[in-house]
Amino acid sequence: NSESDQSHPPLIWLPATSCGLKMFVLDHRSDAVVKWMLIVFMLTIYTAIMTPVEVAFFETKLNAWFYLNRVIDFMFLFDMAVNFCLTYEVGNNGAIVTSQHKIMRNYLSFWFWLDLISLVPYDFVAYMLTDSTDPESAGALADIKLLRIIRLFRLMKLVRILRAGRMFQSYQMDYSINYNQLALLKFLVSIVFIIHLMTCGLIFLPQIQDSDGWLDANEVTDMSMGDQYIVAMYWASMTVSTIGYGDISLVTQAERVYASICMMVGATAYAFIVGQLCGLIVNLDKEGSQFTNELSDLNQYMTAQGLTQAQQRQVRRFYGYSKEAR
């Protein structure tokens, strides 16, 4: 098969030949593939939300969370196999690439490696190391801290967010949506996700220190997991929004360094997102903005021409009625 820009009904399987072997190519526009991509997208969102929570709150154990993660990993592994057979579009004319060799080369050029990194079972590695660590040895505390740091590598799963964004962008052109409202939603989700990451990071930080730090200083240690999350989210929200009430104190040097990084990242992201949101909100009502601008120009013109207030009122009303009638 070769590149083709001809449109055709959605097909699930297209025959292909590669290296003398009979292969199959999946049409990325088919209903079956679109539904599968929706499943992968939802799993990616779940992973993005739950992975920081698991790192912050849970030690690695052979429990329901562990086996659920293995099922999700298997589905992502299957998705990698799908991507080796998935057609894609090139150029401004929407030409469809159906060559098996080109599809594989395109996937291996970048996205395969991100998917592979995100599939490494870091929690399983941490569990195996935990099982082999002697809790009564002299260096047990240092080993435990090292294992908890290894848990941070599970955040590598978040790289799949990049591919989810690319997947979402490739399919959004197929549906009739308000792109200003969509962009508004994306920016709001971004700021909430940044706060979520900072929240989980603050909760995890005492686990790699010699003391409970801010947990003890703010009497949070004995709170439930949900209450600890709310307190940390409150701090993260104040930090990102640059309000910073200061009623949640960070007492160790590591916590202060973490807070400084969060301030820089949060303030930059917040300033960028707020700036973009202002522009989007204005564009949500283009007709209303255009009407008020034209009305302002009309008022200036009527004043310059010396029209009386009664005449100006009649003209404005007529202009408003004519706008509504269009």
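Take residues 64-86 as the way in: in this predicted model the C-alpha atoms at the two ends of that span sit 33 Å apart. The span is 87% helix and 0% strand. Residues 36-58 can be read alongside it, with 96% helix, 0% strand and end C-alpha atoms 30 Å apart. Both spans come from the UniProt record, an unreviewed entry, where they are listed under "transmembrane region". That record also gives 107-129, 183-208, 228-245 and 257-282 under the heading.

Now to the helices themselves. Helix α1 covers residues 31-57 and helix α2 covers residues 64-83. Two packed helices are described by the angle between their axes and the distance between the axes. For α1 and α2, the angle is about 140° and the axes are 11 Å apart. That angle is why α1 counts as oblique to α2, since roughly antiparallel would take an angle over 145 degrees. As for handedness, α1 crosses α2 in a left-handed sense.

If you want to see what fills this contact, start on the α1 side, where W36, M37, I39, V40, L43, T44, Y46, T47, M50 and E54 take part. Facing them from α2 are W65, L68, N69, I72, M75, F76, F78, D79 and V82. Sorted by class, the α1 contact with α2 comes to 14 nonpolar, three polar and two charged residues.

Stay on α2, and look at another partner. Helix α4, residues 111-119, also packs against α2, with the axes coming within 10 Å and crossing at roughly 165°. The two helices, α2 and α4, are therefore roughly antiparallel to each other. Their crossing is left-handed.

Here α2 brings D73, F76, L77 and M80, while α4 brings F112, D115, L116 and L119. By class, that makes six nonpolar, no polar and two charged residues in the contact of α2 with α4. F76 is worth picking out on screen: this α2 residue meets α1 and also meets α4.

Finally, zoom out to the protein chain. There are 13 helices and four strands in it. Of its 326 residues, 37% are buried. And when you take the contacts between residues at least 6 apart in sequence, 70% of them join residues at least 24 apart.

How values were computed. Residues numbered from 1 in each chain as written. Predicted model: local features only at pLDDT ≥ 70, side-chain atom pairs only at ≥ 80, totals over all residues. Heavy atoms only, no water. Axes fitted to C-alpha atoms, helices over the stretch in contact; angles between N-to-C directions. Parallel < 35°, antiparallel > 145°, perpendicular 65-115°, else oblique. Left-handed = near helix turned anticlockwise from the far one by under 90°. Contact = heavy atoms within 4.5 Å. Nonpolar A, V, L, I, M, F, W, Y, C, P; charged D, E, K, R; others polar. UniProt positions renumbered as here; feature names shortened; annotations may be inferred. Buried < 20%, exposed > 50% of the residue type's maximum accessible area, 1.4 Å probe, protein only.
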